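Here's a friendly walk through one protein model, a piece at a time. Keep the picture open as you read and look for each part as it comes up.

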Amino acid sequence: MKKRLLSVLCLTLVLGMAFAAGGKETGKTELTLWHSFSGNAAKALQMIVDQFNTSQDRIHVDAQYQGSYEESLNKLKASMRTNSGPDMVQIYEAGTRFMVDSGFVLPMQNIISKYKIDISNLEENILAYYTINNKLYSIPMNTSVPICYYNKTILSKLGYEDGPKSWDDIITISQMVQQKNMSKWGIALSTNMWWFELMLLQQGVNLVDQNNGRSGAATRTVFAKDNLSYQIAEKWLYLYKNNYASNTGFSSSDCRTVFFSGMAPIILDSSSSLRDYIDVTSGKFELAVCALPTLNKGAANGGVTLGGASLYVIDNNKYTDKKLDSIAEFIKYLISADAQSILCLNTGYYSVTKTVYDLDSVKKNLQKYPQYVTVRDIMRESKSMGKGAIYGVFTEGRSTYKNYFEEMLLGEITPKECIDKSAHDIDILISEYNASNK
């Protein structure tokens, strides 16, 4: 009798622990989604997931934060050695080529075709970036563009109410605000290498060969073959040496602190943070945004490519038709106007779904915050959206020239050495990557 009672108690305890661990009802298909959202974006994603979970009783999605985009990608690489990865994972744009080559994914195009998922309402510019060899490997999830945020209260007094159009304008503005004691610096400039890549793209200069890695696997860098690369490094250093750029740190968070405090009227950042910028600057000064300035005054601006991330379905060799059915259902919801409006309204991410901008709630948001209209126009009008570089060691490449740029700004190397060393080291990385992926 005691043994039977003990068995019942143990079973009750096990069941209780299982329920406490997740409260998940039996019979539901469980899906795991790894993501790298934090702050408002994380809250928005959880709202989307919660609404999906409560909208039906067959599927439960568990959204799990995995750290930064780089950290999440490294965790994915480790998990795939044992087929213990998630069902779905959010990967940033720099990881596109690696994911295509990795063998980790079920191509999204296959899922779209099998389940007849309608993507006709998605922004063509965004789909173009993630389409490789005429095949869509992931579904766009959250999209941003690089923009210039500026203190319109100050710049309007200087004749730049529409913001700077070039880095030459930024230099002029920096001189004016310092002469008039309006702010300590002209710009809060992080060493986010997105700016380097995009100033090249604006002028049609590629990072790597093979049409920026889009006609085939990149075999080497090409950016050092164009003088624009050296000009970018030289002008970047010029801003620092002349105390026009803030010197409180190279990170984005350091630079945001400078901008929000009014110590610099200009900052380059992602549109994904637009809601945060609006909230923090409210009551302090008038915030405005404009397109990313070109390096040189009067230069043609061919536009920018996107940032953000897309959703991949991971091939764990464990999928049943029921599970794939469930994944398809979640993807349909993720790209719906209802879901995308949550992300759009609560962050600065641009909706991947066009009809979001027909919703009354979004229309009211655009009227109240015209900065969102500027972001929308930049996204839709850019001629370079599908031309951004993709290569297997993009993440490592960014780290390479980031390190050399910071060495240059600290006076340890020259602009020429910065560019030459970056190209040399990335060429080695590409060669090693290609050799291991033959």
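## A cysteine in a strand

Let's begin with Cys 290, which sits in strand E11. The model you're looking at is a predicted one. Is Cys 290 buried or exposed? Its relative accessible area is 7%, and anything under 20% counts as buried, so Cys 290 is buried.

What does Cys 290 touch, once you set aside its neighbours within four places in sequence? Its contacts are Ile 147, Cys 148, Tyr 150, Asp 162, Gly 163, Pro 164, Thr 374 and Ile 378. Ser 252 is 38 residues away from Cys 290 along the chain, and the C-alpha atoms of the two are separated by 18 Å.

## The sheet around it

Strand E11 belongs to an open sheet of four strands. Reading across, the order is E9-E10-E8-E11, and the pairing is mixed. Which strands are at the edges? They're E9 (187-188) and E11 (287-291), each of which pairs on one side only.

Now look at E8 (residues 146-151) and E10 (residues 266-270): these two pair in the antiparallel sense, over five bridges. You can pick out one partnership by eye, since Ile 147 has Asp 269 in E10 as its bridge partner. Ile 147 is also one of the residues in contact with Cys 290.

## A glycine out in the open

For a contrast, find Gly 283, in the loop between helix H13 (274-281) and E11. How accessible is Gly 283? Its relative accessibility is 84%, and the cut-off for exposed is over 50%, so Gly 283 counts as exposed. If you'd like to try out a distance in the viewer, Gly 283 and Thr 353 are 70 residues apart along the chain, with 32 Å between their C-alpha atoms.

## One side of a helix

Next up is helix H5, which covers residues 108-115. Its buried residues include Met 108, Ile 111, Ile 112 and Tyr 115. Why do they end up on the same side of H5? Because they cover an arc of only 100 degrees around the axis.

And what lies over those buried residues? The cover includes strands E4 (105-106), E6 (135-136), E7 (139-144) and E12 (307-314), along with helix H14 (321-334). Right after H5 comes Lys 116, which has a positive phi, near 50 degrees.

## Open pockets

The largest pocket has a volume of about 1200 Å³. It's lined by 39 residues, and the closest to its centre are Tyr 69, Glu 70, Asn 192, Ser 252 and Arg 256. That's the Ser 252 from the distance to Cys 290. Several elements each give at least two residues to the lining, among them H2 (39-55), H3 (69-79) and H12 (252-260). The largest share, four residues, comes from H18. By class, you'd find nine nonpolar, 22 polar and eight charged residues here.

The second largest pocket holds about 250 Å³ of space. Of its 15 lining residues, Ala 291, Asn 301, Asp 377, Ile 378 and Glu 381 lie nearest the centre. Ile 378 has come up already, as a contact of Cys 290. E11 and helix H17 (371-381) each supply at least two residues of this lining, and H17 provides the largest share, with four. The classes come to six nonpolar, six polar and three charged.

## Closed cavities

Rolling a probe the size of a water molecule over the atoms shows where empty space is left. How many cavities of 30 Å³ or more does the structure hold? There are three.

The largest cavity contains about 120 Å³ of space. Its lining has 16 residues, with Glu 197, Leu 207, Thr 305, Gly 388 and Ala 389 closest to the centre. Helix H9 (194-202) and helix H18 (394-409) each supply at least two residues, and H9 gives the most, with four. The lining splits into nine nonpolar, four polar and three charged residues. The second largest cavity has a volume of about 50 Å³. Its lining includes Arg 97, Asp 101, Tyr 391 and Tyr 433. H19 (415-436) and H4 (96-102) each give at least two residues, and H19 gives the most, with three.

Notes. Residues are numbered from 1 along each chain as its sequence is written. This is a predicted model: local features need pLDDT of at least 70, side-chain atom pairs count only at pLDDT 80 or more; totals for chains, interfaces and linings use all residues. Side-chain values use heavy atoms; hydrogens and water are left out. On a 1 Å grid over the protein atoms alone, a cavity is a set of points where a 1.4 Å probe fits but cannot get out, and a pocket is an open set with protein on both sides within 12 Å along at least five of seven lines; lining residues have an atom within 4 Å of a point. Grid points are joined across faces, edges and corners, and a volume is the space filled by probe spheres set on the points. Ala, Val, Leu, Ile, Met, Phe, Trp, Tyr, Cys and Pro count as nonpolar, Asp, Glu, Lys and Arg as charged, and the others, Gly among them, as polar. Buried means under 20% relative accessible area, exposed over 50%, partly exposed in between (1.4 Å probe, protein chains only). The arc is that of the directions from the helix axis to the C-beta atoms. Contact means heavy atoms within 4.5 Å. Two strands pair if DSSP finds at least two bridges between them.
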